[in-house]
Amino acid sequence: MPQKDIDSLLSEDRRFPPPASFRSGARIGSMEEYEKMYRDSVENREEFWAAVADKLHWFRKWDEVLRWEAPKAEWFVGGKTNLSYNCLDVHLKTWRRNKAAIIWEGEPGETRILTYQALHREVCHFANVLKRLGVKQGEPVILYMPMVPELAIAMLACARIGAPHSIIFGGFSAASIRDRVNDAKARVVITADGGWRRGEVVPLKETVDKAVDECPTIEQVVVLRRTGREIAFHPERDHWWHEIIEAVDADCPAEPLDAEHPLYILYTSGSTGKPKGVLHTTGGYMVGTYATSRWVFDLKEEDTYWCTADIGWVTGHSYVVYGILANGATTVMYEGAPNWPEADRFWSIVEKHGVTIFYTAPTAIRAFIKWGEQWPDRHDLSSLRLLGTVGEPINPEAWIWYHTVIGKKRCPIVDTWWQTETGTIMISPLPGATSTRPGSATLPLPGVVPEIVDHDGRPVEKGKGGFLVIREPWPAMLRTIYGDDERYKTQYWSTVKDAYFTGDGARRDDDDFYWLMGRVDDVINIAGHRLGTMEVESALVSHPKVAEAAVVGKPDEIRGEVIAAFVTVESGVETGADLEKELKDHVVEEIGAIARPSDLRFTDALPKTRSGKIMRRLLRDIAAGRESAGDTTTLEDESILKRLREKKP
Ligand code: WTA
């Protein structure tokens, strides 16, 4: 762990207690209430979660709340439920039947509102389509879609029949799709003829076609007509969504599924090798997303809630769709870019739909700051009552701007720490209780037992940096890495004994508040999205002209971090701007546009220790343009550093 980085701390003393007006109406309105809940959740863990689960619908009640044989957790054992049923059918018996479930806005400007009843009907139809395509319970289905209601419909349809979905973010490349499809051995892909982003069509179907050539298991592709643009159509394999839906009826009862039935696979980056298929299951995840949506977002019946994340990331799974609909609230979805056609698009959506809760990423906030206050100032943002952030630590300047310019000093901010693996928010303020401090995710939610430890798993003193681990199981925790229980154990449960290893560094202050300090492994956080340096290195090395590559994160004002790559080429290869572009494009081809290196420097050698390990710490310093303060005596050849420094990109 880069101990030095971890000890260089922010000192942020400002405190922001919840406004009295917010507190008085909040679900959890005081620290006493939070503390009582927290104590209860830790001392009577099973009763605590059983009481939450009781608020949801079960076809059969569980026999046992938790079966825990570290690192294997089973929650609500013996219980049968269905998350699609809990997101839809339960509301149909109430006045919510005709309430907006999804308010959607397309980038070109169209709006669609789906009531719970309408959404239910669409989901049932599509679930029948899946059945007609021969999809069986337990069979993974790939979704590669734009941010349109049909993405949520397809998810809920999968959940309805017990086919785990594997959603691939629409920005990933054909090679990324190929790896994910082949890992899951999927037979069916759901996609669209494209989606709108910054006025252009993202050619999703074309990318799928490229991937499918290398995916022997794929038999059927369902294509939603979204943009109307011309695509290649293979009648023996491809089906138009609007045609195949005509062939089925709307009667599709939700399948009673075991609580531990797989709900979805979502691939995420780790420090080594290929992306990991994080597996979430039905009952615990449902209970966790339902509860945390209420606690953290203070979600109420009358809220119009908007999380700007793409459903292709875990934030979209848990807090655009499942947690929000399970609460019967209204969720807003937007298809496109925040600055299309102009830099006030988000604020125009907030105003138009009267958004009350707004959840976004620090990288977006930093972009808004750059674009200027005149854009939000054009709009009436008085409907907002709560703001949230996720994805990376938020710098205090961005926090204060968000608080002042967007929240008009009226709205609490919840800085929510969590991961694809945790399934739900873990450390976060409760907006009616916690006095927040800019830059701190504050305190653990009920049921979450974090600790900050050193290399040997010993708790570190307050104020000192260390590894963030979680000690006890929680309902929405990942169950395994799809098809690889061994990797699940080694990745998460072996670095620190008897604890889940988050890969993040953190410290705790005198109020016991948590301050997240970034990754301690080789994962870079670009605009709130995780990428393993190894993935980018493998992509570079797969190019025939590249001999060796090392990739590190480099600080960036807007995106948090960007990629800096150091590359050595095969002998005889000519380096220069052409090859630089070729290699950057190659990475995009292999992984997707988010992985495009910002800097790429050619070098005749990489800084290595005598035992041959690349010293990334030094490369990070070089990429950031700072002097290396640390020890360089283990370097095999010190002159490399000087040569690398002289090579400005
Ligand atoms: C980082 C996103 C600081 C962290 C939900 C974590 C954060 C990784 C925060 C997970 C936050 C997320 N403060 N860091 N509020 N939220 N992170 O899997 O490094 O895409 O491990 O899940 O993002 O990213 P993932």
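Which side chain has an N or O atom 2.6 Å from an oxygen atom of the ligand? Select Thr 420, whose side chain supplies that atom. The model is a predicted one, in which local features need pLDDT of at least 70 and side-chain atom pairs count only at pLDDT 80 or more, while totals for chains, interfaces and linings use all residues. Residues are numbered from 1 along each chain as its sequence is written, and side-chain values use heavy atoms, with hydrogens and water left out.

**Around the ligand**

Stay at the ligand and add Arg 530, which has a polar side-chain atom 2.8 Å from a ligand oxygen atom, and then Pro 393, where a backbone N or O atom lies 3.5 Å from a ligand nitrogen atom. The protein covers 96% of the 530 Å² of accessible area that the ligand has on its own (Shrake-Rupley method, 1.4 Å probe).

Next, display the shell of 17 residues around the ligand, of which Asp 415, Thr 416, Thr 420, Asp 504 and Arg 530 come nearest; a residue is near if one of its heavy atoms lies within 4 Å. Colouring by class gives 6 nonpolar, 6 polar and 5 charged residues, where Ala, Val, Leu, Ile, Met, Phe, Trp, Tyr, Cys and Pro count as nonpolar, Asp, Glu, Lys and Arg as charged, and the others, Gly among them, as polar. At least two shell residues come from each of α12 (314–326), β20 and β25 (514–519), the helices (H or I, at least four residues) and strands (E, at least two) being DSSP runs numbered from the N terminus.

**Backbone stops**

Move to Pro 71, in the loop between β1 (64–69) and β2 (72–77), where the peptide bond from Ala 70 is cis, with omega near 0°. A second cis bond joins Trp 340 to Pro 341, with omega near -5°, and Pro 341 sits in the loop between β17 (330–334) and α13 (345–353).

Now select Arg 198, in the loop between β9 (195–197) and β10 (200–202), which is not a glycine yet has a positive phi of about 55°. Is Arg 198 buried or exposed? Arg 198 is partly exposed, with a relative accessible area of 40%, on a scale where buried means under 20%, exposed over 50% and partly exposed in between (1.4 Å probe, protein chains only). Finish at Lys 409, between α16 (396–406) and β20 (413–416) in a loop, where phi is near 60° and the residue is exposed, with a relative accessible area of 58%.

Note on methods
A polar contact is a pair of N or O atoms within 3.5 Å; within protein, one must be able to donate a hydrogen and the other to accept it, and residues adjacent in sequence count only if both atoms are side-chain atoms.
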